[in-house]
Amino acid sequence: MRQCPLWARTEDTLGELIQGRETCEPVFLSRHRKRYTRFGVYRLVERCAAQVPSLAARPITPHVIRHTCACHLLQAGVDLNTIRAWLGHVSLETTNIYAEIDLEMKAKAMALCSAAAPRPERPWKENKGVMAFLNAI
C-alpha cells in the first residue's frame, strides 16, 4: 500500500464523496456499481485520455500519470530523495531515471556554463619572472 499527500481541493472532494459511507465501502464504483480493479482504473484512464485531442494518439496509463507527476515535481525543484519517498521507491537509484530524462533541466544547466564564454585573463603569462620559474621546474 502506498500513501501520498493530497491537495486540499482533492481532500475536500473526497471528503464529500465518503460522507455517510461505511469505512469498508468503496468510494469509486464502475458502471456496474462494483469496486474498481486496477485494470478498471487502467481502462478508465485510457478512455478519458482518448477524449482529450492532444492525448488521443498517445498511450496514457496510470503509470504515465505517475511518471509525469514525478517529472513535474523534479522540474519544480523538489529534491530526488523526496520524490523517491513520494513514489515509494526503496532505492534512490530507481528514482535517478527522472533526473536522466529531463532534457529541459539539462538545457538550463548547459546555459549556465556556456562554452562560448570568454576565457579568463592570464596575467601570469606576461610576467617573465614567473615564466622563467615555471620553465626551470
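This passage looks at one helix pair and two pockets in a predicted model. Local features were taken only at pLDDT of at least 70 and side-chain atom pairs only at pLDDT 80 or more, whereas totals for chains, interfaces and linings use all residues. Residues are numbered from 1 along each chain as its sequence is written, and side-chain values rest on heavy atoms, with hydrogens and water left out.

Helices here are DSSP runs (H or I, at least four residues), numbered from the N terminus. Helix H3 (residues 62-75) packs against helix H4 (residues 80-87) at an angle of about 155°, and their axes lie 10 Å apart. Axes are lines fitted to C-alpha atoms over the stretch in contact, with angles running from 0 to 180 degrees between N-to-C directions. H3 and H4 are therefore roughly antiparallel, a label kept for angles over 145 degrees. Their crossing is right-handed, the near helix being turned clockwise from the far one by less than a right angle. On the H3 side, the contact (heavy atoms within 4.5 Å) is made by Arg66, Cys69, Ala70, Leu73 and Leu74, and H4 brings in Leu80, Ile83, Trp86 and Leu87. Sorted by class, that makes eight nonpolar residues, one charged and no polar. Nonpolar covers Ala, Val, Leu, Ile, Met, Phe, Trp, Tyr, Cys and Pro; charged covers Asp, Glu, Lys and Arg; the others, Gly among them, are polar.

Then there are the pockets: open sets of points on a 1 Å grid over the protein atoms alone, where a 1.4 Å probe fits and protein lies on both sides within 12 Å along at least five of seven lines. Lining residues have an atom within 4 Å of a point. The largest pocket holds about 1,100 Å³ (the space filled by probe spheres set on the points). It has 23 lining residues, with Phe28, Val41, Val45, Pro62 and Ile65 the closest to its centre. H2 (38-50) gives the most to this lining, six residues. By class, the lining splits into 16 nonpolar, three polar and four charged.

The second largest pocket comes to about 250 Å³. Its lining includes Cys4, Trp7, Cys69, Leu73 and Trp86, and H3 is the top contributor with three residues. No charged residues turn up in this lining, which has seven nonpolar and two polar.

How values were computed:
Helix = DSSP H or I, 4+ residues; strand = E, 2+ residues; numbered from the N terminus. Parallel < 35°, antiparallel > 145°, perpendicular 65-115°, else oblique.
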